[in-house]
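Here's a walk through some local geometry, with sheets, a helix pair and a couple of odd backbone angles on the menu. Pull up the model and follow along.

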Amino acid sequence: MSVVKLYNTLGRKKEEFQPLKKGRVLMYHCGPTVYWTQHIGNMRGMVMADLVVRTLEYLGYKVKLTRNYTDVGHLTSDEDEGEDKMEKAARRDSLGPEQIAKKYIQIFENDIEELNTRPADFKPRATETILEIIKMVKTLLDKDYAYETDLAVYFDITKAKNYTQLSGQKMEENIQDAGKGDVSDPKKKHPADFAIWFFRAGTHAKAMQYWPSPFKSKLVKNGEGFPGWHIECSAMSKKFLGETIDIHMGGVEHIPVHHTNEIAQSEAANGMKFVKYWLHNEHLTVNNKKMAKSEGTSYALSDIKEKGFEPMALRYFFLQAHYRSKQNFTWEGLGASQIAYEKLKAFMSRINEEQNSHGPNFQFPISNFQLNPKSQTQRRNSKLIDNYQKEFITYISDDFNVPGALAVVWEIIKSDLPYSDKKKLILDFDQVLGLGLDKIKKGKKEVIPAAVEKLVVERELARQNKDWARADDLRNKIYDLGFMLEDTDGKSVVKKK
Ligand SMILES: [Zn+2]
């Protein structure tokens, strides 16, 4: 297994990847809050995580991936302020929160499938993990890391060991950055303390999704309420992957609040390290600006398709920038990706045709058999193949440098290796790139029966002689045999009806 180096946000440097258990990777990826169609910026995050998974699998690791769905508790600000995004969406779409979740999970799953991402092994929903969440909140109360007010159960960040270890921020910066100064609960002890359970009281008195709990508030019966967003990921990660995991990934915006809080709760509740390697992907901008619904730049995959682009062209576009770099989306840029992807497809399709027309054995000339030693060309070719493979692996093992790896594919295409070797290499690399090149068949040619061919020629002659009646008659005969004629640019093309 080759050595993989990855940039760990915890510590802010490239490190050699050492999994907890040899050959196995436990990975958690923060999934979407399913209240709206995810924009292509979120899709970029999904493809970046997919490249991490595919790279590790290509290099021989067994990866267990959990990606959650947040379907309750994510408020309109990432803090404890505002209303539940799910419930706001429910009112907007005149649906229940459950139907909202179903609708947007379906759209999301279709989108990431069209982008050819490998499906997650576990796809838990927060609302299906309530028992585990309540258990974790209770542990935090029992261990005195949390306290109750009448409005919520809060995590006490002053008790956490090294609360800002991930962001490296000073506490004042953290409070300011995350806007935590804005407190609606006067009983909250520290402005950065965050809710791990909201009671169905105060601004959340009308919450649509709530569960009974063992926690105490004078304002509700049976401790009714719902979990905070951050604790959901901690509980789901523990349920499906265990207390300590290898990799946790998400967008850079999660560093100061969401992931900082996940670490604090998980390490306090479990009494051990939560995550060995934190990976964060940068944002996608549109015309060098933050994507925004108000500016009409919050594009979804459906917008991309409506403009006539293939989802795979978008994937190709994403492959061109490193996950830790910002990438700027423009329609011209996507157009260039579509062209590059078309070229790649055309090349694969030509290879397939070439091989078919030469028969299955064409790649093994006589000299390949044992009687003759390998020719000089063959020795040179196997060395070249070896070099390309090494180059590709060097790129992907260096903090998932996929843009570099993609360039190797184009080098191979330009090389003078035999078609069969090019094909083998490119299909092998596509296990990481995920462009679906194994699904490209040679261009389909329709078989036209001889009788039809004859009629087509006769009709052509009739047209040349301006015998329109006979030409029409022949067209009808062709039609009766199950074929159609299309006359374009003075030429006739035959097609099956
Ligand atoms: Zn999360």
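What follows goes through two sheets, two loop residues and then some helices. Keep in mind that this is a predicted model.

**The four-stranded sheet**

Let's start with the open sheet whose four strands run in the order 5-6-7-8, with antiparallel pairing. Strand 5 and strand 8 (225-227) sit at the edges with a single partner strand each, so each has one side without a neighbour in the sheet. From one strand to the next, the twist averages 20°.

Strand 6 (residues 152-155) is a good place to zoom in. A hairpin through three residues links strand 5 to strand 6, and three bridges join this antiparallel pair. On its other pairing, strand 6 meets strand 7 (residues 194-199) over four bridges, again in the antiparallel sense.

Which way do the side chains of strand 6 go? A152 and Y154 point one way, V153 and F155 point the other way, and all are buried. For the register, Y154 is the bridge partner of Y147, and in strand 7 the bridge partner of Y154 is A195. V153, meanwhile, stands opposite W197 in strand 7.

**The three-stranded sheet**

A second open sheet has three strands in the order 12-11-13, and here the pairing is mixed. Strand 12 (289-290) and strand 13 (327-329) are at the edges, each with a single partner strand, so one side of each lacks a neighbour in the sheet. Strand 11 (residues 284-286) and strand 12 run antiparallel and are joined by two bridges. Across that pair, V286 stands opposite K289.

As background, strands of a sheet pair through backbone hydrogen bonds, either parallel or antiparallel.

**Two asparagines with positive phi**

If you're scanning backbone torsions, N162 and N288 are worth a look: each is a residue other than glycine with a positive phi. Here they are side by side.

| Residue | Phi | Loop | C-beta neighbours within 10 Å |
|---|---|---|---|
| N162 | near 55° | between strand 6 and helix 5 (171-177) | 9 |
| N288 | near 65° | between strand 11 and strand 12 | 9 |

Why does N162 count as exposed? It has 9 C-beta neighbours inside 10 Å, and the cut-off for exposed is 12 or fewer. N288 is exposed too, with 9 other C-beta atoms within 10 Å.

**A buried helix**

Helix 9 (residues 311-319) has eight of its nine residues buried, so the rest of the structure largely encloses this helix. The buried ones are M312, A313, L314, R315, Y316, F317, F318 and L319. Yes, R315 is on that list.

**A helix pair**

Over to helix 14 (residues 450-464) and helix 15 (residues 468-480), whose axes come within 8 Å and cross at roughly 165°. That angle makes helix 14 roughly antiparallel to helix 15. The crossing is left-handed.

Which residues make the contact? Helix 14 brings V452, L455, V456, E458, R459, A462 and R463, while helix 15 brings R470, A471, L474, R475, K477 and I478. By type, the contact residues are seven nonpolar, no polar and six charged.

The spacing in those lists is easier to read with a general point in mind: an α-helix has 3.6 residues a turn, so residues three or four places apart point the same way. In helix 14, V452, L455 and R459 are among the contact residues. In helix 15, A471, L474 and I478 are among them.

Note on methods
Residues numbered from 1 in each chain as written. Predicted model: local features only at pLDDT ≥ 70, side-chain atom pairs only at ≥ 80, totals over all residues. Axes fitted to C-alpha atoms, helices over the stretch in contact; angles between N-to-C directions. Parallel < 35°, antiparallel > 145°, perpendicular 65-115°, else oblique. Left-handed = near helix turned anticlockwise from the far one by under 90°. Contact = placed C-beta atoms within 7 Å. Nonpolar A, V, L, I, M, F, W, Y, C, P; charged D, E, K, R; others polar. Buried ≥ 20, exposed ≤ 12 C-beta atoms within 10 Å, placed from the backbone. Pairing = 2+ DSSP bridges.
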